[in-house]
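Morning, everyone. Please put the structure up on the screen, and keep the sequence beside it. I will talk you through it step by step.

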Amino acid sequence: MADSLPSLAFLGAGSMGGSILRGVVASGIHVDGGITATNRTTEKAEAFQGLAGVTSIALSDRPEGNAEAVAGARIVLVGVKPAMVPDLLREIAPHLAADTIVVSVAAGVTLQTFADVLGADARVIRSMPNTPSTVRKGVTGLAAGTAATADDLTLVRRLFQTVGAVVEVPESQIDALSTISGSGPAYVYLLIEEFTKAAVDMGFPESDARLMVEQTFIGATALLEDSGEEPAELRRRVTSPKGTTERAVAVLQDAHLDRTFADAAAAALARARELAAGA
Ligand SMILES: NC(=O)C1=CN([C@@H]2O[C@H](COP(=O)(O)OP(=O)(O)OC[C@H]3O[C@@H](n4cnc5c(N)ncnc54)[C@H](OP(=O)(O)O)[C@@H]3O)[C@@H](O)[C@H]2O)C=CC1
Ligand SMILES: O=C(O)[C@@H]1CCC=N1
């Protein structure tokens, strides 16, 4: 693990950019030259005031904030919504140094789009992180553009390893990875929400229902991590032959969870392709 990172600019520190930023700060790693974050509104900017080593800019107060942030940064993370990426790139292009590494977190926006605006020599890496990065339990996919060097990729890998696990993939697989780990936290929260409704329907007060369900998810995943066992084996240990769990699991399997998850991932992939086409 690196003991320092070079200067970072987060252009758009919302749900995702802000999660990475907070994870980096929580790691305690030294960032040479510090971190600059930009957002449009003062409300967003104020959320990062007081974070150690972070300069937070509201573009409503400082319209040149993106240019200023880029000028001092070795790594620039582009954290705005996919449709806003081309305009942001046009804004910062004149201020990028030749060796600045531009890291995209945007779903569906291709390396070619970055090259079209910044030029073929721009050192661009596509990432697909997820929000548990804020508690340093993230998963990030990385795909490097052709102008990025091996050292650039190593540096960006180190950045994302401070907030979780990293998987390198070819760009052709990054949207697929997004359907699993990028969107995945939302699938998990949906399961928790639905499971909690089932507990309330069993007659438990909401607070008890939440405690039972949330601690069950946290406990089950902690056991998965700690034991190193396969999920199927851990499930087997809960499922007594001819017991109660067996009946419940049969109902879940009859609901074709396998097909449902495959269909959900396919729908996310189709949307990533729409985003790539500018829709
Ligand atoms: N949310 C997630 O779990 C994931 C998101 N992503 C990707 O992250 C990107 C951002 O998504 P998300 O974080 O959810 O969206 P958010 O809307 O939460 O964050 C976007 C941020 O960008 C800021 N912003 C808008 N325009 C500018 C600008 N011109 N310059 C600087 N900042 C600007 C907004 O500030 P303000 O609100 O003040 O206007 C906002 O805080 C997307 O491209 C998405 O595909 C990738 C993986 C996971
Ligand atoms: O929903 C989205 O488009 C982004 C990408 C992955 C997670 N959130």
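I will go from the whole chain to the sheet, then to one strand, the ligands and two single residues.

One warning before we start. This is a predicted model.

Let's begin with the whole chain. It has 12 helices and 10 strands. The C-alpha atoms fill a box of roughly 70 × 40 × 35 Å, taken along the principal axes. There are 279 residues, and 33% of them count as buried. Now think about contacts between residues at least 6 apart in sequence. Of these, 67% join residues at least 24 apart.

Next, the sheet. In what order do the 8 strands of the open sheet come? Read them across: β5-β4-β2-β6-β7-β8-β9-β10. The pairing is mixed. At the edges sit β5, residues 54-58, and β10, and each of them pairs on one side only. From one strand to the next, the twist averages 20°. Helix α1, residues 15-27, packs on this sheet. The helix touches β2, β4, β5, β6 and β9. Its direction makes about 160° with that of β4.

A quick reminder on how sheets hold together. Strands of a sheet pair through backbone hydrogen bonds, either parallel or antiparallel.

Let's walk along part of this one. Start at β7, residues 101-104. This strand runs parallel to β8, and 4 bridges join the two. One place to look is isoleucine 101, whose bridge partner in β8 is arginine 123.

Step on from β8, residues 123-128, to β9. Again there are 4 bridges, but here the strands run antiparallel. Find methionine 128. Its bridge partner in β9 is glycine 141.

One more step, from β9 to β10, residues 164-168. Now 5 bridges join the strands, and they run parallel. Glycine 138 stands opposite glycine 164 in β10. And glycine 141 turns up again: its bridge partner in β10 is valine 167. How does the chain get from β9 to β10, through which helix? The chain crosses through helix α6, residues 150-161. This β-α-β crossover is right-handed.

Stay with β9 for a moment. Is this strand enclosed or not? Count the buried residues. The strand covers residues 138-144, and 7 of the 7 are buried, so β9 is largely enclosed by the rest of the structure. Now look at which way the residues point. Gly138, Thr140, Leu142 and Ala144 point one way. Val139, Gly141 and Ala143 point the other way. Both sets are buried.

Move just past the end of the strand. Glycine 145 lies in the loop between β9 and α6. Is glycine 145 buried or exposed? The cut-off for buried is 20 or more other C-beta atoms within 10 Å. Glycine 145 has 23, so it counts as buried. Which residues does it contact, leaving aside neighbours within four places in sequence? They are Leu111, Phe114, Ala115, Val124 and Ile125. Threonine 110 is 35 residues away from glycine 145 in sequence, but the two are 9.6 Å apart in space, C-alpha to C-alpha.

For contrast, go to threonine 196. This residue lies in helix α8, residues 184-201. Threonine 196 has 18 other C-beta atoms within 10 Å. That falls between the cut-offs, 12 or fewer for exposed and 20 or more for buried, so threonine 196 is partly exposed. Beyond four places in sequence, threonine 196 touches Ala209, Arg210 and Val213. Leucine 211 is 15 residues from threonine 196 in sequence and 9.0 Å from it in space, C-alpha to C-alpha.

Last topic: the ligands. How many residues surround ligand 1? There are 28, and the closest are Gly12, Gly14, Arg40, Thr41 and Ala106. By class, that shell has 13 nonpolar, 12 polar and 3 charged residues. Helix α1 and strand β4 each supply at least two residues. The largest share, 3 residues, comes from α1. So α1 has come up twice now: that helix also packs on the sheet.

Then ligand 2. Its surroundings are Ala107, Ser178, Gly182 and Ser183. By class, that shell has 1 nonpolar, 3 polar and no charged residues.

That's the tour. Thanks for listening.

Definitions and conventions
Residues numbered from 1 in each chain as written. Chains lettered and ligands numbered in written order. Predicted model: local features only at pLDDT ≥ 70, side-chain atom pairs only at ≥ 80, totals over all residues. Near = placed C-beta within 6 Å. Nonpolar A, V, L, I, M, F, W, Y, C, P; charged D, E, K, R; others polar. Pairing = 2+ DSSP bridges. Right-handed = clockwise from strand over helix to strand, strands pointing away. Axes fitted to C-alpha atoms, helices over the stretch in contact; angles between N-to-C directions. Contact = placed C-beta atoms within 7 Å.
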